[in-house]
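Please go through the model below from its open space to its strands and then to its cysteines. The text follows that order.

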Amino acid sequence: MTTRLADIAVQAGVSEATVSRVLNGKPGVAATTRQSVLAALDVLGYERPVRLRQRSEGLVGLITPELENPIFPALAQVIGQALTRQGYTPVLATQTPGGSTEDELTEMLVDRGVAGIIYVSGLHADTTADMQRYDRLRAQGVPYVLVDGFSPKVQAPFISPDDRAAMSLAVTHLVSLGHTRIGLALGPKRFVPVQRKIEGFVRTVQDQLGLGAETVEKELVQHSLYTLEGGQAAATALIERNCTAVVCASDMMALGAIRAARQLGLDVPKDISVVGFDDSPLIAFTDPPLTTVRKPVPAMGQAAVRTLLEEIGGTPAPHSEFVFMPELVVRGSTASAPGERARP
């Protein structure tokens with residue numbers, strides 16, 4: 001017990017006496033200090049005493065498209081922690097190819113009496129999807145918040161990164177390195193984040209390199225799938241069009257772009273520069289470490305929870321979009337443009 005107290009005290013940055021007070025449920029400990037001790041218990045893998053287990057305020061559903069892309073587990077973790085701190089129990093529901101659809105997962109969560117639902121990159125981001133499904137959910141009295149994607153047809157709060165600004169950051173960085181032939185690899189055009197990235201990319205290339213919008217979209221924008229293989233296919237096409245740099249709409253696609261360059265006998269970043277999007281966990285440790293545009297995941301996740309809890313509490317946010325600014329993280333996958341490069 002003494003060893004455990006000492007371990008927890010070191011992890012939480014408090015005294016053993018404070019740890020003891022928290023574990024025994026005694027008063028006189030600040031809420032933030034108590035939270036630090038509980039977090040230390042969890043990190044060290046100790047079971048919480050029964051008296052410290054909170055009675056849940058209710059279940060909150062979190063629906064994500066998949067978990068293979070590490071940005072989705074990262075966002076789920078932020079949202080789950082924020083919900084837990086407010087006394088709610090998160091329920092993660094994930095779509096997989098051939099598995100449950102968003103509508104089926106929604107029905108399952110509603111049947112279990114969830115207090116609200118947070119959708120991440122759901123059908124609300126697909127401009128071809130029927131948005132009436134969200135009206136029906138609201139009619140059932142279930143509050144919800146939509147992350148990544150915006151629709152003027154849905155009366156709900158939206159949480160988004162500034163996709164246009166993200167592309168401006170990436171292109172400006174590459175132009176500063178001397179690149180004049182920059183490609184963009186992204187997913188299907190029907191998705192709102194894709195459309196916004198194209199807008200930001202085209203505008204910045206126009207402004208900084210003087211190319212016409214039609215030329216940029218026709219020659220420098222390549223649609224594919226949001227996967228490593230999709231990034232590889234898109235980057236191969238862009239490199240064959242003499243691009244010396246490729247901006248990707250996700251880190252997974254960027255890893256595919258690096259693989260494409262290597263299969264064509266090119267070095268990254270000596271022959272071709274690659275920029276990702278998300279700053280997913282562990283992406284700083286790739287070879288080379290990936291230059292990327294960091295998605296503000298902690299701020300977005302916390303805002304999604306805060307907004308949902310306001311909806312649950314009866315003070316709903318207006319139909320609006322809360323937009324969060326990304327930031328460029330420069331690492332080893334970008335460098336000065338090659339002077340002359342033979343086509344692969």
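**Pocket, sheet and cysteines**

The largest pocket holds about 1000 Å³ of space. A total of 36 residues line this pocket, and those closest to its centre are P65, E66, F72, S121 and Y226. Four elements give two or more residues each to the lining: the helices α4 (71–85), α8 (192–209) and α10 (228–239), and the strand β9 (273–278). As a general point, empty space is found by rolling a probe the size of a water molecule over the atoms. The model is predicted, and the pocket is computed from it like everything else described here.

Next comes the sheet. Six strands form an open sheet with parallel pairing, in the order β2-β1-β3-β4-β5-β11. At its edges are β2 (89–94) and β11 (321–324), each of which pairs on one side only. From one strand to the next, the twist averages 20 degrees.

Within that order, β4 (residues 144–147) and β5 (residues 158–161) run parallel and are joined by two bridges. V147 has I159 of β5 as its bridge partner. Helix α6 (residues 132–139) lies across β3 (116–120) and β4, and runs at about 155 degrees to β4.

The loop between β4 and β5 contains P157. Is P157 buried or exposed? P157 counts as buried because its relative accessibility is 0%, and the cut-off for buried is under 20%. P157 and Y144 are 13 residues apart along the chain, and their C-alpha atoms are separated by 8.0 Å. Y144 is also one of the residues in contact with P157, once neighbours within four places in sequence are left aside. The other contacts of P157 on that basis are V145, L146, T307, E311, A317, P318, S320 and F322.

The cysteines remain. A disulfide is a covalent bond between the sulfur atoms of two cysteines. How many disulfides does the model contain? The count comes to zero. C243 is in no disulfide, and the nearest cysteine sulfur, that of C248, is 11 Å away. Seen from the other side, the sulfur of C248 has its closest cysteine sulfur in C243, and 11 Å is too far for a bond; the cut-off for a disulfide is within 2.5 Å. C243 counts as buried because its relative accessibility is 0%. C248 is buried too, with a relative accessible area of 0%.

Key. Residues are numbered from 1 along each chain as its sequence is written. This is a predicted model: local features need pLDDT of at least 70, side-chain atom pairs count only at pLDDT 80 or more; totals for chains, interfaces and linings use all residues. Side-chain values use heavy atoms; hydrogens and water are left out. Two strands pair if DSSP finds at least two bridges between them. Axes are lines fitted to C-alpha atoms, for helices over the stretch in contact, and angles run from 0 to 180 degrees between N-to-C directions. Contact means heavy atoms within 4.5 Å. Buried means under 20% relative accessible area, exposed over 50%, partly exposed in between (1.4 Å probe, protein chains only). On a 1 Å grid over the protein atoms alone, a cavity is a set of points where a 1.4 Å probe fits but cannot get out, and a pocket is an open set with protein on both sides within 12 Å along at least five of seven lines; lining residues have an atom within 4 Å of a point. Grid points are joined across faces, edges and corners, and a volume is the space filled by probe spheres set on the points.
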